[in-house]
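Visitor: I have a model on my screen and would like to know how its labels are earned. Could you walk me through the reasoning?

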Amino acid sequence: LQHEGEKLISTHCCYCGMQCGMHIRLDEKTNKVVGVEPRYDWPVTLGKLCPKGVTAYQTIDHDERITKPLIKKNGQFVEATWEEALDLIEKNFKKLQKEHGKDALSVFGGVSMTNEKCYLVGKYARAVLGTRYVDYNGRFCMSSAAGGFMQTLGTDRGSTLPWPELEHTDCFFMAGSNTAECHPTSIQWLWKARDKGAKMIVADPRETPTARIADVHLDLRPGTDDTLASGMLHLLIKEGYVDEAYVNERCNNYEELKQAVEGFTPEFTSKITGIAVEKIVKAAHIFGRSPRSVVMFARGIEQQSKGVDNVRLYTSMALLRGQIGKFASGVATFTGQANGQGGREHGQKADALPGYRKISDPEAVKYVSSVWGIDPAEMPRAGVSAYEMFDEIEEGRIRGMHVMCSNPAVSAPNLQHIWNGFNKLDFLVVSDFFMSETAEFADVILPVTSWAEDEGTTTNLEGRVIRIRKVKDPIGESKTDWQIMKVIAERMDKGHLFNYNNPREIFDEFRLASKGGKADYYGITYERIDQEDGVFWPCPSEDHPGTPTMFKEKFGTPDGKAILPIVNYRDSGEVPDEEYPLYLTTGRVVFHFLSGSQTRRTEFLMQQCPVPYAEMHPALASQYGLVNGGKVKLMTRRSEMELEVRLTKAIREDTVFVPYHWGKELAVNVLTNPALDPVSRMPEFKVCSVKMKKA
Ligand code: SF4
């Protein structure tokens with residue numbers, strides 16, 4: 001709908017991995033963004049937007065935008081020129097590296113940036129600063145899915161099928177995904193399929209809005225997904241639902257898997273998970289009898305110290321049914337951020353180089369070094385994961401940090417450790433457009449553009465590469481993240497490595513850097529994205545059609561066969577005991593996005609959900625004398641906090657749920673457990689033990 005005196009610019013929402021299509025409305029007289037219109041022609045979301053997407057434009061010209069560099073003096077931020085801010089950064093970065101070595105500096109990136117910026121973060125850390133310490137907030141988001149897919153399928157792309165095919169799916173097995181709240185515009189595909197008779201099975205400790213519409217709700221104890229998935233595999237095998245021809249031809253380890261899940265009878269599975277036997281059996285029959293099924297999951301199963309095992313086991317359900325690589329079937333994870341893939345295949349992750357190459361592979365180092373124009377000997381070795389960077393700060397090995405597009409002072413687990421780390425740093429630079437909780441710790445804050453003030457590409461949850469368009473010029477003196485990395489590169493005497501004039505030049509270099517890797521973007525150009533409404537990676541050449549459906553003929557493993565997992569049962573990092581008798585789990589609400597630094601500044605969203613709360617069953621609350629709206633003190637081995645009680649029967653009686661979008665005294669992550677998955681190094685946000693009392 002074109003309004004008089006306004007321009008409509010076609011782009012995508014800045015928040016979650018759905019990347020809903022929208023037009024931004026720009027008032028031509030005032031040059032202010034005044035609203036959005038949905039894009040009905042965008043094939044993935046067909047004009048749907050959630051409350052966050054409808055209001056996302058309000059952050060662009062927001063009063064609280066940081067518009068000038070800020071330098072902390074005597075504990076207070078004062079405005080500075082870019083020259084002053086960059087002088088200070090150059091002086092401190094050089095001093096720290098001279099005194100403590102290159103690895104004294106570190107970079108903490110983010111996945112809400114464009115592909116171009118995600119790619120540059122890895123290059124900036126390794127080729128400009130020369131440090132091994134680079135990681136990003138995707139570690140808290142997608143890393144277990146990445147590890148699980150790589151180990152099982154040999155290539156990690158978020159979805160093996162394009163979203164519009166979901167309409168033709170017969171059964172959805174959804175584990176640890178509250179899709180209706182976290183990726184609301186996906187639900188339309190599920191409804192379309194439901195209208196044609198599709199079934200839904202939802203595994204979640206809470207009866208979320210997604211679980212409420214399921215045919216079977218598997219209300220498992222937090223942290224028992226591996227057992228539930230093993231129990232499902234057991235039944236698929238025992239009941240004769242395995243596609244033997246597919247498994248024999250396309251999978252390794254079938255006999256070993258059979259043995260591994262032999263003991264996971266419905267009775268044993270029920271004992272561990274707390275789910276009724278009948279529900280487990282019913283779910284297996286529905287899933288096993290469906291001709292086309294998709295296994296979908298999200299942070300609920302991934303943010304665990306068993307996250308990779310969970311992903312591998314649930315993915316195996318799709319493999320045993322012979323579903324991966326076929327129409328309207330497969331496996332998918334819901335990526336949390338705008339560019340949910342933007343770290344793994346771009347080289348922002350501690351051990352990854354562009355194209356999903358490994359930094360431990362000498363050939364990969366040689367190739368990427370040649371694209372970057374550096375000596376391979378200069379390439380640092382692998383660093384450590386996001387949470388572990390704060391251990392390195394504690395040990396005095398990391399002395400300075402540059403945080404971009406991320407707010408770990410809210411989103412990391414065991415927050416006191418993170419806050420101590422920020423306080424201990426000799427020098428902290430934060431690029432942000434709002435005064436986030438992380439920015440408050442900074443010595444220098446650099447004002448960065450919002451998503452509407454720059455152009456580039458992102459990769460949505462399907463693996464489709466799409467265009468983000470510039471709507472207006474940057475507010476105040478803000479610069480884009482790539483411009484900021486460029487000016488710092490110049491100050492660090494590495495300007496020749498960052499000789500870019502626009503995002504297209506960066507994208508073209510990234511295409512080349514990814515060429516020949518598992519995540520090959522080489523054939524994707526801005527022109528093709530415009531003409532084809534996005535292009536799916538891998539796409540190795542300009543005449544390649546892209547890959548909407550993954551693994552049609554073979555998997556990404558050396559022999560082309562999927563690797564079924566052999567998993568031994570183990571407990572979560574913490575399980576309830578006498579002292580801490582309950583489970584604590586955390587998650588999202590529809591009105592807020594991640595650490596909330598944008599959505600907490602959006603009036604409508606704050607009206608809907610102004611503060612976090614402790615959600616619990618009335619039967620549990622009554623044991624503690626708690627009432628709806630009263631106050632409860634939650635205590636874990638890390639910390640304690642007070643919250644308002646919210647009673648609902650839509651949660652297990654042994655579990656307390658708290659949403660995590662708030663900082664400081666409202667930050668539930670002071671309580672969460674940093675137990676890490678041994679492969680993905682994902683912290684266990686979704687399971688810890690807690691005790692409580694009336695406050
Ligand atoms: Fe779409 Fe996600 Fe934005 Fe909501 S937050 S409008 S679902 S991209």
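Visitor: Gladly starting with a pair of helices: which hand does the crossing of helix 2 and helix 18 have?

Guide: The crossing of helix 2 and helix 18 is right-handed. Do keep in mind that this is a predicted model.

Visitor: Why is helix 2 called oblique to helix 18?

Guide: The axes of helix 2 (residues 82-100) and helix 18 (residues 481-491) come within 10 Å and cross at roughly 55°. Roughly parallel needs an angle under 35 degrees, and roughly perpendicular begins at 65. The angle falls in neither range, so helix 2 is oblique to helix 18.

Visitor: Which residues make that contact?

Guide: Helix 2 brings Leu 86, Ile 89 and Glu 90, while helix 18 brings Val 487, Ile 488 and Arg 491. By class, the contact of helix 2 with helix 18 has 4 nonpolar, no polar and 2 charged residues.

Visitor: What makes helix 7 oblique to helix 11?

Guide: Again, set the angle against the limits. Helix 7 (residues 225-238) and helix 11 (residues 277-289) have axes that come within 9 Å and cross at roughly 60°. Roughly perpendicular runs from 65 to 115 degrees and roughly parallel is under 35, so helix 7 counts as oblique to helix 11. Their crossing is right-handed.

Visitor: Where do the 2 polar residues in the contact of helix 7 with helix 11 come from?

Guide: The contact is made by Gly 231, Met 232, Leu 235 and Leu 236 of helix 7, and by Ile 280, Val 281, Ala 283, Ala 284, Phe 287 and Gly 288 of helix 11. Gly counts as polar here, so Gly 231 and Gly 288 are the polar ones. The contact of helix 7 with helix 11 also has 8 nonpolar residues and no charged ones.

Visitor: Which hand does the crossing of helix 3 and helix 19 have?

Guide: The crossing of helix 3 and helix 19 is left-handed. Helix 3 and helix 19 (residues 503-514) pack at an angle of about 65°, with their axes 9 Å apart. On the helix 3 side, the contact is made by Asn 115, Glu 116, Tyr 119 and Leu 120; on the helix 19 side, by Pro 503, Ile 506, Phe 507 and Phe 510. These divide into 6 nonpolar, 1 polar and 1 charged.

Visitor: Which residues touch the most other members of the largest nonpolar core?

Guide: Among its 215 residues, these are Ile 201, Met 232, Leu 233, Met 317, Leu 634 and Val 656. Helix 3 (residues 115-129) gives the largest share of this core, 9 residues. As for Ile 201, the residues it touches include Phe 173, Met 174, Ala 283 and Phe 287.

Visitor: How do you know whether Tyr 356 is buried or exposed?

Guide: Count its neighbours: Tyr 356 has 26 other C-beta atoms within 10 Å. Buried needs 20 or more, so Tyr 356 is buried. Tyr 356 is found in the loop between strand 14 (352-353) and strand 15 (357-358), and its phi is near 65°, a positive value in a residue other than glycine.

Visitor: And why is Asn 253 called partly exposed?

Guide: Asn 253 has 18 other C-beta atoms within 10 Å. Buried takes 20 or more and exposed 12 or fewer, so Asn 253 lies in between and is partly exposed. Its phi is near 75°, again positive in a residue other than glycine.

Definitions and conventions. Residues numbered from 1 in each chain as written. Predicted model: local features only at pLDDT ≥ 70, side-chain atom pairs only at ≥ 80, totals over all residues. Core = buried A, V, L, I, M, F, W, Y, C linked by C-beta atoms within 7 Å. Helix = DSSP H or I, 4+ residues; strand = E, 2+ residues; numbered from the N terminus. Contact = placed C-beta atoms within 7 Å. Axes fitted to C-alpha atoms, helices over the stretch in contact; angles between N-to-C directions. Parallel < 35°, antiparallel > 145°, perpendicular 65-115°, else oblique. Left-handed = near helix turned anticlockwise from the far one by under 90°. Lists of a residue's contacts leave out its neighbours within four places in sequence.
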